[in-house]
Amino acid sequence: MDLIVYYSRTNNTKEVAELIAEEKNAELLEIKDEKSRSGPIGFLVGCVDSFRGKKTGIDYEKNDLSHYDTIYIGTPVWASKPTPAIVRFIEENDFTGTNVITFATFMGSGGETTITSMNNSIKSKGGTIKRSFAFRMTGNDKKKLVKEALNDE
């Protein structure tokens, strides 16, 4: 069984996570940021927090990650970095012996930088990165992007 872990502010990452879960018949785990990130100001503060590497409180259902064959971890891109909520999730968990696939959603740029940052953090926590995806949301069909990415596995 696979697990899809994600944080989503505007539902783009959530929609991608749900599509992956549907394709892989996997469980979903949403990470909630305890700090309000709604609206344009929330997004701006989130980008500044990401850029500065600020910590945030998160809420999610704790799971033993070793029970899953593969864990997908998804985040929006903020200031070319993963969101504080996903950074915190990675910090809080042990990925020793775990296969991980990372993905990021973005509107402008920074997808590869975000993926690299996530992958390095997961590797430092003992995880094995199987592969990664970065999905540009502007003008693209999410379902098609996910199907193409998963067909390459």
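Here are four short exercises, each with a worked solution, on the predicted model shown above.

**Exercise 1. The overall fold**

Work out how many helices and strands the chain has, and in which pattern they follow one another.

*Solution.* Start by counting: the chain holds five helices and eight strands. Next, walk along the sequence, and you will read β-α-β-β-α-β-β-β-α-β-α-β-α. Now turn to compactness. The radius of gyration is 14 Å, close to the 15 Å that the globule rule gives for 153 residues, so the chain is as compact as a globular protein of that length. Finally, look at the contacts between residues at least 6 apart in sequence: 77% of them join residues at least 24 apart.

**Exercise 2. One side of a helix**

Find the buried residues of helix α5, and explain why they lie on the same side of α5.

*Solution.* First, locate the helix, which covers residues 142–151. Its buried residues are K142, L145, V146, A149 and L150. They span an arc of only 120° around the axis, and therefore sit on the same side of α5. A general rule helps here: an α-helix has 3.6 residues a turn, so residues three or four places apart point the same way. As a last step, ask what this side meets: the buried residues of α5 pack against α1 (12–24), β5 (70–78) and β8 (128–136).

**Exercise 3. A tyrosine in a strand**

Decide whether Y6 is buried or exposed, and list the residues that Y6 touches.

*Solution.* Begin with the place of Y6, which is strand β1 (residues 2–6). Then check the cut-off: buried means under 20% relative accessible area. Y6 has 4% relative accessibility, so Y6 counts as buried. Leaving out residues up to four places away in sequence, Y6 touches T13, K14, A17, L28, L29, E30, I31, G74 and I86.

**Exercise 4. Two positive phi angles**

Compare where N25 and S80 are found and how exposed each one is.

*Solution.* Keep a general point in mind first: most residues other than glycine have a negative phi. N25 is not a glycine, yet its phi is positive, at about 50°. S80 is not a glycine either, and its phi is positive, at about 60°. Now place them: N25 is in the loop between α1 and β2 (27–30), while S80 is in the loop between β5 and β6 (81–82). For the last step, use the cut-offs: exposed means over 50%, and partly exposed lies between that and buried. With 61% relative accessibility, N25 counts as exposed, whereas S80, with a relative accessible area of 27%, is partly exposed.

Conventions
Residues are numbered from 1 along each chain as its sequence is written. This is a predicted model: local features need pLDDT of at least 70, side-chain atom pairs count only at pLDDT 80 or more; totals for chains, interfaces and linings use all residues. Side-chain values use heavy atoms; hydrogens and water are left out. Helices (H or I, at least four residues) and strands (E, at least two) are DSSP runs, numbered from the N terminus. The radius of gyration is taken over C-alpha atoms; the globule rule is 2.2 Å times the number of residues to the power 0.38. Contact means heavy atoms within 4.5 Å. Buried means under 20% relative accessible area, exposed over 50%, partly exposed in between (1.4 Å probe, protein chains only). The arc is that of the directions from the helix axis to the C-beta atoms.
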